[in-house]
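Let's walk through this structure together, beginning with how far the model can be trusted and ending at one particular residue.

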Amino acid sequence: MGAGSLELGAGGLEPEPGELGVGSLLRILERGVQGLLVTAVLLWGGDWAAFRVRAARGTAFDTVTVQQFLSTPLKGQKTEYDYMGTVPENCARALFPHGGAPACWWVRRHTTQWE
């Protein structure tokens, strides 16, 4: 048979030698997803441990100044935007949010807050 064709074997349709079957692709996909999950758990665990060490030393949190705006809906599908001023925002010095505070790297890149 030609390239990419299937042969009828004892178990039904089977790929030719050297080709990947659906089962092989699913196993590869499953291994990839498992690898991503393990990596994410290890990354979060390491981040949490580093945060706990910083918390014990008193350096786990920082403050970033952000600008706040108030969005008020008006008649006729219009919106009014009011500047509320600058306020200090507490943040966690970590990759992920911890202790009820967002990560500082995120807050520093998003210094405008809308309410």
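Confidence in the chain is lowest in strand S1 (residues 6-9), with a mean of 53, and highest in helix H2 (residues 104-109), at 96. The score here is pLDDT, the predictor's confidence in each residue, from 0 to 100. Where pLDDT is low, the predicted coordinates should not be read in detail. For the chain, the mean pLDDT is 88, and 83% of the residues reach 70 or more.

This is a predicted model, in which local features need pLDDT of at least 70 and side-chain atom pairs count only at pLDDT 80 or more, while totals for chains, interfaces and linings use all residues. Residues are numbered from 1 along each chain as its sequence is written, and side-chain values use heavy atoms, leaving out hydrogens and water.

Now follow the chain: it holds 2 helices and 5 strands, running β-β-α-β-β-α-β from the N terminus. These elements are DSSP runs, numbered from the N terminus, with helices (H or I) of at least four residues and strands (E) of at least two.

Next, look for Asp47 in helix H1 (residues 22-57). Is Asp47 buried or exposed? Asp47 is buried, meaning under 20% relative accessible area with a 1.4 Å probe, protein chains only. Asp47 has no salt bridge, that is, no side-chain nitrogen of Lys or Arg within 4 Å of its carboxyl oxygens. The nearest side chain of opposite charge, Arg54, is 6.3 Å away. What Asp47 does have is a polar contact of 2.8 Å between its side chain and that of His98 (a pair of N or O atoms within 3.5 Å, one able to donate a hydrogen and the other to accept it).

Conventions:
Buried means under 20% relative accessible area, exposed over 50%, partly exposed in between (1.4 Å probe, protein chains only). Lys and Arg count as positive and Asp and Glu as negative; His and the chain ends are not counted.
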